[in-house]
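Q: I'd like a close look at one part of this protein, taken slowly and with its surroundings filled in. Here is what I have on screen.

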Amino acid sequence: MHTWPLRFRDVGDAVVMSNEAGAWFRASHDFVDRYASARLTEEDETFLLATGLAFEKAGDLSFTSHAYRWSVRRTAANRSIDYVILVPTLRCNLSCSYCQVSRAAENATGYDWNEETLAAVLRFLDGLETERVQIEFQGGEPLLRLDLLNAVRDFCRRRFKQSRFVVCSNFQIVDEAIWAFFDADDTQLSTSIDGDVGTHSRQRTGSEAATAAFLGNLEAFVARFGAGRVSALPTIDPTSPPDLEKLLSNYGRFGIRSIYLRPINRQGFARRRPEAEGELQAWNALHGAFIDRLVDLNFGSDEVLEEYYFSHLLRRILGRGANGHVDIRNPNPVGTNYVVVDYDGVLYPTDEARMMSRVGQIDLSIGNVRDGLDYSTVDQLNAASFNDLDPDCQHCAYQPFCGVDLIDDISRYGRVDLPRHQTYFCRRHIALFDKAFEMITSPDPKVQHSLSKWTGVEHWPAGFREVRA
């Protein structure tokens with residue numbers, strides 16, 4: 001018998017053991033000792049074979065099943081570009097305290113697509129090898145150039161069999177033309193509600209009157225188009241977080257049940273205020289407390305609240321086809337299935353890469369809409385776009401469920417080879433996966449109720465709690 005290499009981590013009163021294909025189980029410390037010292041019993045070997053963690057010979061069913069599971073987790077990202085982030089203008093009518101980009105004043109000139117750039121953008125879109133596309137408009141404030149948004153949307157509706165549009169807007173000012181633009185089922189609003197009125201005013205609008213205007217606009221949007229056409233996320237400062245109960249109440253006011261709790265990302269111009277000592281630890285604690293609160297609220301309620309990113313991680317652990325989120329996937333190649341087009345037509349692998357170029361930190365552009373992708377740069381970046389060979393990740397029980405963010409590493413440390421456990425990405429995700437496995441293996445019916453709703457598993461498996469002695 002041959003055992004696939006197992007990684008392990010203490011979680012609660014047992015050890016989580018996993019292999020590179022994402023198969024996992026809980027074990028006692030005695031089992032770990034037997035495994036590490038090559039003293040597995042016949043019963044241990046029978047268990048490992050029965051659960052697909054070992055094989056008799058290359059090519060047998062257990063071997064092939066492992067290879068299939070391994071490949072499925074790594075092939076979802078290998079498709080042509082079908083998700084394009086467009087930045088038609090850098091101009092904005094707000095000055096958010098944590099804004100990462102070099103925004104321009106609302107009345108500034110020279111920060112919008114000109115006619116030549118628009119034409120090149122449309123040619124670039126026309127050259128995509130896909131019949132389905134999602135366009136995300138960012139800024140600046142993209143609604144300041146509604147004419148450009150209309151031009152792109154009209155073109156995509158003609159060019160592609162299926163197209164979907166998301167407008168990332170502060171939604172501070174609306175008029176009849178903007179209402180008419182959103183009066184289409186293929187177009188969605190994405191915005192930010194930073195918790196309670198005081199926090200939103202401090203971080204985004206600058207006044208409670210301006211915040212009230214935004215909330216009124218959002219309320220009108222939901223009344224016209226329904227809660228299903230809007231998504232929102234809060235950007236949280238862990239050193240000065242909003243009241244989480246008020247945050248939940250504010251999101252509930254608009255019928256938003258899925259909340260992507262996002263920490264301030266101190267990249268680009270947001271680095272003017274450096275990360276405080278202990279900020280990540282504060283974030284991890286706050287996020288864990290938020291998950292616990294959702295569990296309490298969901299139990300016995302007909303309406304289910306979720307934290308979107310945590311639910312996504314749970315689905316990755318369960319292997320339920322969750323390798324499409326660019327924040328966490330492995331491999332995480334750039335320039336393969338999504339790309340960012342800046343206001344000047346330059347292409348970037350991510351929005352964070354665009355911010356780094358704007359502040360002069362490093363040029364991570366990967367081409368432009370006139371000449372196309374620069375594949376030599378794309379290939380250089382993609383050499384570090386997976387975690388399989390990382391010496392730290394290879395020994396981590398969470399490696400098959402985790403991902404890599406090389407742009408974040410470059411931004412924070414100026415390199416991609418920092419020992420993984422020292423990186424912000426790793427320290428944040430270790431805490432998330434610890435929390436996830438604590439919950440997955442919990443006997444608490446309240447926890448199991450939320451897990452079932454978040455993952456779509458009707459009856460939470462009792463086997464998740466079993467420990468191999």
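Which residues of β3 are buried on one side, and which on the other? Please walk me through that strand and its neighbours, then put it in the setting of the whole chain.

A: Before we start, keep in mind that this is a predicted model.

Let's go straight to your strand. On one side of β3 sit Ala14, Val16 and Ser18, on the other Val15 and Met17, and all of them are buried, which leaves both faces covered. β3 runs over residues 14-18, and five of its five residues are buried, so the strand is largely enclosed by the rest of the structure.

Now for the partners. On one side of β3 there is β2 (residues 7-11), joined to β3 by five bridges, with the two strands running antiparallel. You can check the register at two places: Arg7 has Ser18 as its bridge partner in β3, and Val11 has Ala14. Between β2 and β3 there are just two residues, so to speak a short hop, and the two strands form a hairpin. Gly12 lies in that turn and has a positive phi of about 65°.

The other partner is β4 (residues 24-27), which is also antiparallel to β3 and is joined to it by four bridges. Here Ser18 turns up again, this time standing opposite Trp24 in β4. So Ser18 makes a handy landmark: look for Arg7 as its partner in β2 and Trp24 across from it in β4. β3 and β4 make a hairpin too, with five residues between the strands, and in it Gly22 takes a positive phi near 95°.

Step back a little and you see the sheet these strands belong to. It is an open sheet of four strands in the order β2-β3-β4-β19, with mixed pairing. β2 and β19 (467-468) are the edge strands, each pairing on one side only. As a general reminder, strands of a sheet pair through backbone hydrogen bonds, either parallel or antiparallel.

It's worth zooming in on one residue of the strand, Val15, which is found in β3. The cut-off for buried is under 20% relative accessible area, and Val15 has a value of 2%, so it counts as buried. What is around it? Leaving aside neighbours within four places in sequence, Val15 is in contact with Phe8, Arg9, Asp10, Phe25, Arg26, Ala27, His29 and Val32. If you want a distance to try on screen, go from Val15 to Ser65: they are 50 residues apart along the chain, and their C-alpha atoms are separated by 24 Å.

Now compare notes with some other parts of the chain. There is an open sheet of seven strands, in the order β10-β9-β8-β7-β6-β15-β16, again with mixed pairing. Its edge strands are β10 (230-233) and β16 (347-348), each of which pairs on one side only. Within this sheet, β7 (residues 132-137) and β8 (residues 162-168) pair in the parallel sense over six bridges. Glu136 has Val166 in β8 as its bridge partner.

Helix α12 (residues 351-358) is another enclosed element: six of its eight residues are buried, so it is largely enclosed by the rest of the structure. The buried ones are Asp351, Ala353, Arg354, Met355, Met356 and Ser357. They pack against β15 (338-341), β16 and α14 (406-413).

For a single buried spot in a helix, try Ser311, whose place is in α11 (residues 308-318). Ser311 counts as buried, at 0% relative accessibility. Not counting residues up to four places away in sequence, it touches Glu306 and Trp454.

Finally, the whole chain. It holds 16 helices and 19 strands. Its radius of gyration is 24 Å, close to the 23 Å that the globule rule gives for 469 residues, so the chain is as compact as a globular protein of that length. Along its principal axes, the C-alpha trace spans about 75 × 50 × 45 Å. Of the 469 residues, 56% count as buried. Among contacts between residues at least 6 apart in sequence, 68% join residues at least 24 apart. The chain exposes about 20100 Å², and carbon and sulfur atoms supply 50% of that. As for charge, the mean positions of the 51 positive and 65 negative charges are 1 Å apart.

Conventions: Residues numbered from 1 in each chain as written. Predicted model: local features only at pLDDT ≥ 70, side-chain atom pairs only at ≥ 80, totals over all residues. Heavy atoms only, no water. Rg over C-alpha atoms; globule rule 2.2 N^0.38 Å. Buried < 20%, exposed > 50% of the residue type's maximum accessible area, 1.4 Å probe, protein only. Contact = heavy atoms within 4.5 Å. Areas by Shrake-Rupley, 256 points an atom, 1.4 Å probe, with all protein chains shown as cover. Lys, Arg positive; Asp, Glu negative; His and termini not counted. Charge placed at Lys NZ, Arg CZ, Asp CG, Glu CD. Pairing = 2+ DSSP bridges.
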